[in-house]
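Reader: Before we discuss terms and evidence, may I see the model in question?
Author: Certainly; the sequence and structure are shown here.

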Amino acid sequence: MSFHDDESSDVGPSGQSRLESFLFSCELSSKVPFYTFQGDEEEDLEHFLELRTVCLGNGAKEESNVVEVTAMNHQGKTISVPIANLHIKCLPMVSLGEFELKAPVTIRLKAGTGPVSVSGLHLIATQVEDSDLSEEEEEEEEEEEEEELPAIKPAKKKQKQ
C-alpha cells in the first residue's frame, strides 16, 4: 500500500519533498517484548513512524499492559514515554491520532504479557531535485500559480444622462 502526497512541501532552494506512506504493524508479547523501527541509511531519505492505534490482541489476560516508546527528543537525547495503559475490561484499545516519530523508534511492552498490536504508517520523505519533477507536476505547479493570481475586473463605464 503506497500513497504519494499530492502537496509537496519545499525543503529548500534545491528541491522538494515527496512523501510515501506504507502500512506498519507489530505485535508485542512476553515472548517478543519490544520492536525497533529503523529506516534505511540512504542520505536523501527520512523515515518516520506515525503511530495510530494500540490494542490488545486475542487471548489477553486481565492485567495492565503498558506500552512505551523510546525515541530522540529535539536535543538529540533518548527519551522513553508511556503511550498506552491497556486493560481488557476497561480500555482494550487506544487511538493515538497521528503520533509521528522520527526513526529510530523502539516500542516496548513495559508491563503485562500482551499480546498488544501496534499499528500505523511508515512514512518515507524523499528529497526530489527540481530536474526530477515530471512534466505533469510542472504543469500542475504552473496551474496552481495561475489560480493564485487575483482576477482582474473590467472597469465600469459611466453612463451618459
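Author: I begin with one residue of this predicted model. Leaving aside its neighbours within four places in sequence, L51 is in contact with F24, V69, I83, L96, G97, E98, F99, L101, I107, V118, S119 and G120.

Reader: What makes F24 a contact of L51?
Author: A contact requires heavy atoms within 4.5 Å. F24 is listed among the contacts of L51, so the pair satisfies that cut-off.

Reader: To which nonpolar core does L51 belong, and why is it called a core?
Author: L51 is in the largest nonpolar core, which has 22 residues. Together with V67, I107 and V118, L51 ranks among those with the most contacts inside this core. The name applies because such a set consists of buried residues of nonpolar kinds, joined through side-chain atoms within 4.5 Å. L51 is therefore buried, that is, under 20% relative accessible area.

Reader: Which elements give two or more residues to this core?
Author: They are β2 (15-28), β4 (45-56), β5 (65-72), β6 (78-86), β7 (93-102), β8 (105-111) and β9 (116-129). The largest share, four residues, comes from β4.

Reader: How many helices and strands does the protein chain contain, and in what pattern?
Author: The chain has one helix and nine strands. Along the sequence, the pattern reads β-β-β-β-β-β-β-β-β-α.

Reader: How do you know that β5 and β6 pair?
Author: Pairing demands at least two bridges between the strands. Eight bridges join β5 to β6, so the two strands meet that requirement. They run antiparallel, and A71 has I79 in β6 as its bridge partner. Their hairpin has five residues between the strands, and G76 there takes a positive phi near 80 degrees.

Reader: What makes β3 and β8 a pair?
Author: The same criterion of at least two bridges applies. β3 and β8 have four bridges, in the antiparallel sense, and therefore count as paired. Within this pairing, F37 stands opposite V105 in β8.

Reader: Why are β3 and β6 called edge strands?
Author: The open sheet has four strands in the order β3-β8-β5-β6, with antiparallel pairing. β3 (34-37) and β6 each pair on one side only, and are called edge strands because of this, pairing being judged by bridges. Neighbouring strands of the sheet are turned by 20 degrees against each other on average, direction ignored.

Reader: What share of the chain is buried?
Author: Buried residues make up 32% of the 161 residues. The chain exposes about 11,600 Å², of which carbon and sulfur atoms supply 49%.

Key. Residues are numbered from 1 along each chain as its sequence is written. This is a predicted model: local features need pLDDT of at least 70, side-chain atom pairs count only at pLDDT 80 or more; totals for chains, interfaces and linings use all residues. Side-chain values use heavy atoms; hydrogens and water are left out. Buried means under 20% relative accessible area, exposed over 50%, partly exposed in between (1.4 Å probe, protein chains only). Accessible areas come from the Shrake-Rupley method with a 1.4 Å probe; for residues, only the protein chains shown count as cover. Axes are lines fitted to C-alpha atoms, for helices over the stretch in contact, and angles run from 0 to 180 degrees between N-to-C directions.
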